[in-house]
Amino acid sequence: MNGQRAAIILAAGKSKRMRSAMPKVLHRVAGVPILGHIINAVRQAGVARIVVVTSPDGQAVRDYAVACGAQTAIQEHQEGTGHAAKCAGVALADFDGAAVVTYGDMPLVTPETFEKSFAAHEKSGMALVAFQSQSHAYGRVIVGADGMVDRIVEFTDSNEGERLVTLCNAGILAADAKSFFRWAALLKNDNAQNEYYLTDIPTVAKAERVACAVVNADEEDVMGVNSRSELAAAEAAMQRRLRARALEAGVGMIAPETVFLHEDTVLEADCQIGPYVVFGPGVVVRSGAEIRSFSHLEGAEVEKGAIVGPFARLRPGAKIEENAHIGNFVEVKNARVEKGAKANHLAYIGDARVGAGANIGAGTITCNYDGFDKHFTDIGAGAFIGSNTALVAPVKIGDGAITGAGSTITKDVAADALAVERAEQRQLGGWAEKFRSRKKAEKAKRGSK
Ligand code: UD1
Ligand code: CA
């Protein structure tokens with residue numbers, strides 16, 4: 001086993017380019033804050049101690065970091081990435097091991113990149129992740145004759161020759177923690193932005209004869225999100241990854257490029273997902289289930305043989321059991337639709353149980369909310385709910401019972417009974433014909449004037 005590992009995640013920047021009141025690292029990719037993706041990645045690379053460096057007004061970032069089990073530090077003034085990393089020193093004062101410093105704005109970074117960084121640090125003394133790019137957004141890594149990092153130059157500080165270099169700094173650096181904080185204290189801010197740059201660390205370390213190795217990564221994996229358009233690009237890349245993973249695992253998707261997945265979406269082999277389906281958090285679709293086009297699911301489980309959609313909405317707590325059908329414009333929330341039950345058109349099923357084999361007619365509404373509290377509707381196995389029935393909860397429909405179309409059901413219905421709540425139908429023979437004749441005559445009289 002490698003020694004102890006820590007991570008310092010920098011998230012105190014002003015994120016001006018996002019033009020958002022929300023800190024950049026809390027913007028979401030595949031439904032998870034960017035910071036969450038990085039925390040997951042470093043954890044999977046064996047990091048036990050995580051310190052997230054935040055700005056004084058970054059309370060929301062600190063709350064999220066703590067919820068993820070990380071420690072936090074505050075950078076009082078935004079004096080650059082090197083200064084930010086130094087601010088983690090107090091939180092890691094008792095730490096003796098390897099630390100990776102990483103920027104908080106890289107949602108696509110993988111555990112392997114951190115693994116490789118730690119390994120290269122153990123071998124060479126220090127390691128820096130770099131990638132090939134022409135983008136002006138990144139600092140250039142100048143490599144010496146020995147193949148080690150000579151220096152890193154920010155694009156704004158670079159000369160013509162340095163601008164030709166396409167090896168870019170990703171913003172991930174692995175080093176011995178105690179040495180790192182010693183070097184960080186020696187950084188100077190004599191550069192274009194008058195900031196203490198993290199990127200000057202390899203130069204400082206060289207004075208102690210510690211060399212910095214280069215670890216290669218893909219541009220996509222380490223892309224930094226600085227603006228809304230970069231956030232959208234990161235989302236697109238993440239979606240491509242998640243879709244590829246699902247297809248590889250045996251999920252059927254004829255138009256994967258139109259399906260939007262959440263980071264935690266569980267799609268079992270041999271489930272079928274139609275075009276334009278959107279997944280929010282917490283969805284499980286079992287083998288043999290089918291989700292048809294234009295459906296939106298969150299916090300739901302769909303079992304084998306069940307069919308959902310097209311145009312269905314499953315909200316948190318929806319459980320669609322084997323062979324049940326949820327059709328177009330049907331919304332299900334906090335409800336169990338048991339085996340073989342069907343709600344095929346235009347219905348709202350909230351805070352309910354729909355028993356096995358029951359049939360829910362078009363236009364059925366569970367009236368679950370009285371403006372203050374939510375109430376439960378219990379529909380028995382094999383019940384038949386007529387079209388346009390309003391079920392005013394709390395209410396219980398017995399097994400095998402039938403409700404007449406258009407009924408407003410406010411009282412429990414016994415098993416196998418018929419409940420019908422509507423006025424008796426009247427019929428007036430010939431009335432329609434007489435009505436038309438009178439109207440035509442009236443109109444003719446007006447026209448002749
Ligand atoms: C930085 C690097 C650049 C690299 C690029 C990769 C420096 C000087 N430059 O540039 O070489 O190619 O990232 O994406 O390091 N932060 C703080 N406190 C500060 C300033 C920044 O915590 O005072 C944090 C930010 O929240 C962010 C990260 O550090 O998560 C990087 O800052 P950012 O402003 O995005 O740096 P870049 O200009 O992109
Ligand atoms: Ca950046």
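Pro-310 sits in the loop between β20 (307-308) and β21 (313-314). In this predicted model, a cis peptide bond links Gly-309 to Pro-310, with omega at about 5 degrees. Another cis bond runs from Ala-393 to Pro-394, and here omega is near 5 degrees. Pro-394 belongs to the loop between β29 (390-392) and β30 (395-397).

Backbone angles also draw attention to Phe-294 and Asn-334. Phe-294 isn't a glycine, yet its phi is positive, at about 60 degrees. The residue lies in the loop between β17 (290-291) and β18 (296-297), and with a relative accessible area of 42% Phe-294 is partly exposed. Asn-334, again not a glycine, has a positive phi of about 40 degrees. This one is found in a strand, β23 (residues 325-337). At 40% relative accessibility, Asn-334 counts as partly exposed.

Next come the helices. Helix α1 (residues 34-44) packs with helix α4 (residues 111-124) at an angle of about 50 degrees, and their axes are 8 Å apart. That angle makes α1 and α4 oblique to each other, and their crossing is right-handed. On the α1 side, the residues that take part are Ile-38, Ala-41, Val-42 and Gln-44, which meet Pro-111, Phe-114 and Glu-115 of α4. Sorted by class, this contact has 5 nonpolar, 1 polar and 1 charged residues.

Ile-38 turns up again around Asp-105, being one of the residues in contact with it once neighbours within four places in sequence are left aside. Asp-105 is found in the loop between β6 (98-103) and α4, and with 11% relative accessibility it counts as buried. Its other contacts, on that basis, are Lys-24, Val-25, Ile-34, Met-223, Gly-224, Val-225 and Asn-226.

Within α4 itself there is His-121, which is buried, with a relative accessible area of 11%. Setting aside neighbours within four places in sequence, His-121 touches Ala-98, Met-126, Ala-127, Ala-174, Ala-175 and Asp-176.

Met-126 and Ala-127 are also among the contacts of Leu-173, leaving aside its neighbours within four places in sequence. Leu-173 has its place in strand β10 (residues 167-176) and is buried, at a relative accessible area of 2%. The rest of that contact list is Ala-99, Val-100, Val-101, Leu-128, Phe-180, Ile-201 and Pro-202. Leu-173 is also 7.2 Å from Ser-117, C-alpha to C-alpha, with their positions 56 residues apart in sequence.

Phe-180, one of the contacts of Leu-173, leads on to helix α6 (residues 177-184). Of the 8 residues in α6, 6 are buried, so this helix is largely enclosed by the rest of the structure. Those buried residues are Ala-177, Ser-179, Phe-180, Phe-181, Trp-183 and Ala-184. They pack against the strands β1 (5-11), β6, β7 (125-132) and β10, and against the helices α3 (81-86) and α7 (201-206).

That leaves the cysteines. The structure holds 0 disulfides. A disulfide is a covalent bond between the sulfur atoms of two cysteines. For Cys-168, the closest cysteine sulfur is that of Cys-212, and at 15 Å it is too far for a bond. Cys-168 is buried too, its relative accessible area being 0%.

Terms used:
Residues are numbered from 1 along each chain as its sequence is written. Chains are lettered from A and ligands numbered from 1 in the order in which they are written. This is a predicted model: local features need pLDDT of at least 70, side-chain atom pairs count only at pLDDT 80 or more; totals for chains, interfaces and linings use all residues. Side-chain values use heavy atoms; hydrogens and water are left out. Axes are lines fitted to C-alpha atoms, for helices over the stretch in contact, and angles run from 0 to 180 degrees between N-to-C directions. Helices (H or I, at least four residues) and strands (E, at least two) are DSSP runs, numbered from the N terminus. Angles under 35 degrees count as roughly parallel, over 145 as roughly antiparallel, 65 to 115 as roughly perpendicular and the rest as oblique. A crossing is left-handed if the near helix is turned anticlockwise from the far one by less than a right angle, and right-handed if clockwise. Contact means heavy atoms within 4.5 Å. Ala, Val, Leu, Ile, Met, Phe, Trp, Tyr, Cys and Pro count as nonpolar, Asp, Glu, Lys and Arg as charged, and the others, Gly among them, as polar. A disulfide is a pair of cysteine sulfur atoms within 2.5 Å. Buried means under 20% relative accessible area, exposed over 50%, partly exposed in between (1.4 Å probe, protein chains only).
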